[in-house]
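Colleague: I would like to learn how to read enclosed spaces and surface patches in a model. Could you take me through them one after the other?

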Amino acid sequence: MIVRKLTTTLNYNQMIDIIRLMFEFGSLIVFSLLHIIIYPSFNYFSKEELVNWYRDKRDQIYLFAILLGPIHLTSIILQLVHKQDLYTIVSSITICALWVQHYVIIEANHAIIIKGVGSLEKAKRAIKNNNLIRIIILTFLLGWTILKTVQSTNFWLVTN
């Protein structure tokens, strides 16, 4: 195998592609961990225990996902400013829609649990289902981003 020489300097578009790739990968990991570890544990809490768990701020991993949002959105806006193709337009709209979904639907259901009012079962189910949809969409988007990043940079192995 021959490893292509990595260039020491990347152009602006390549740096944005790589930054965006990192944030999409990070988002996918955090949301997957929430889906695999945190959300299934909701079934083992009584209503009072779940409300106390939220009020004690034990869901701090979720804050990491919220911190990713503005930087992720900034990277897609920068990418969209510099190149407008099918990938950037569709993926930018998709990412914006996912973050709107996060703040409007998922955060609203977390607020229902924190307040301890309404149907907690319905809120828990809505959180799990919306997070699963987000994970599936992010998985396809991450694959597309990897493909576009590999095509635009020389960070891969080449065989002869």
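Colleague: How many cavities of 30 Å³ or more does the structure hold?

Modeller: This is a predicted model, in which local features need pLDDT of at least 70 and side-chain atom pairs count only at pLDDT 80 or more, while totals for chains, interfaces and linings use all residues. Residues are numbered from 1 along each chain as its sequence is written, and side-chain values use heavy atoms, with hydrogens and water left out. A cavity is a set of points, on a 1 Å grid over the protein atoms alone, where a 1.4 Å probe fits but cannot get out; its volume is the space filled by probe spheres set on the points, which are joined across faces, edges and corners. The structure holds two cavities of that kind at 30 Å³ or more, and the largest has about 50 Å³ of space.

Colleague: Which residues line the largest cavity?

Modeller: Lining residues have an atom within 4 Å of a point, and here they are Ser27, Phe31, His72, Ile95, Leu98, Trp99, His102, Arg134 and Leu138. Helices are DSSP runs (H or I, at least four residues) numbered from the N terminus, and H1, helix H4 (86–115) and helix H5 (120–152) each give two or more residues to this lining, with H4 giving the most, four.

Colleague: Where does Ile19 lie, and is it buried or exposed?

Modeller: Buried means under 20% relative accessible area, exposed over 50%, and partly exposed in between, using a 1.4 Å probe and protein chains only. Ile19 lies in helix H1 and is partly exposed, at 33%.

How values were computed
On a 1 Å grid over the protein atoms alone, a cavity is a set of points where a 1.4 Å probe fits but cannot get out, and a pocket is an open set with protein on both sides within 12 Å along at least five of seven lines; lining residues have an atom within 4 Å of a point.
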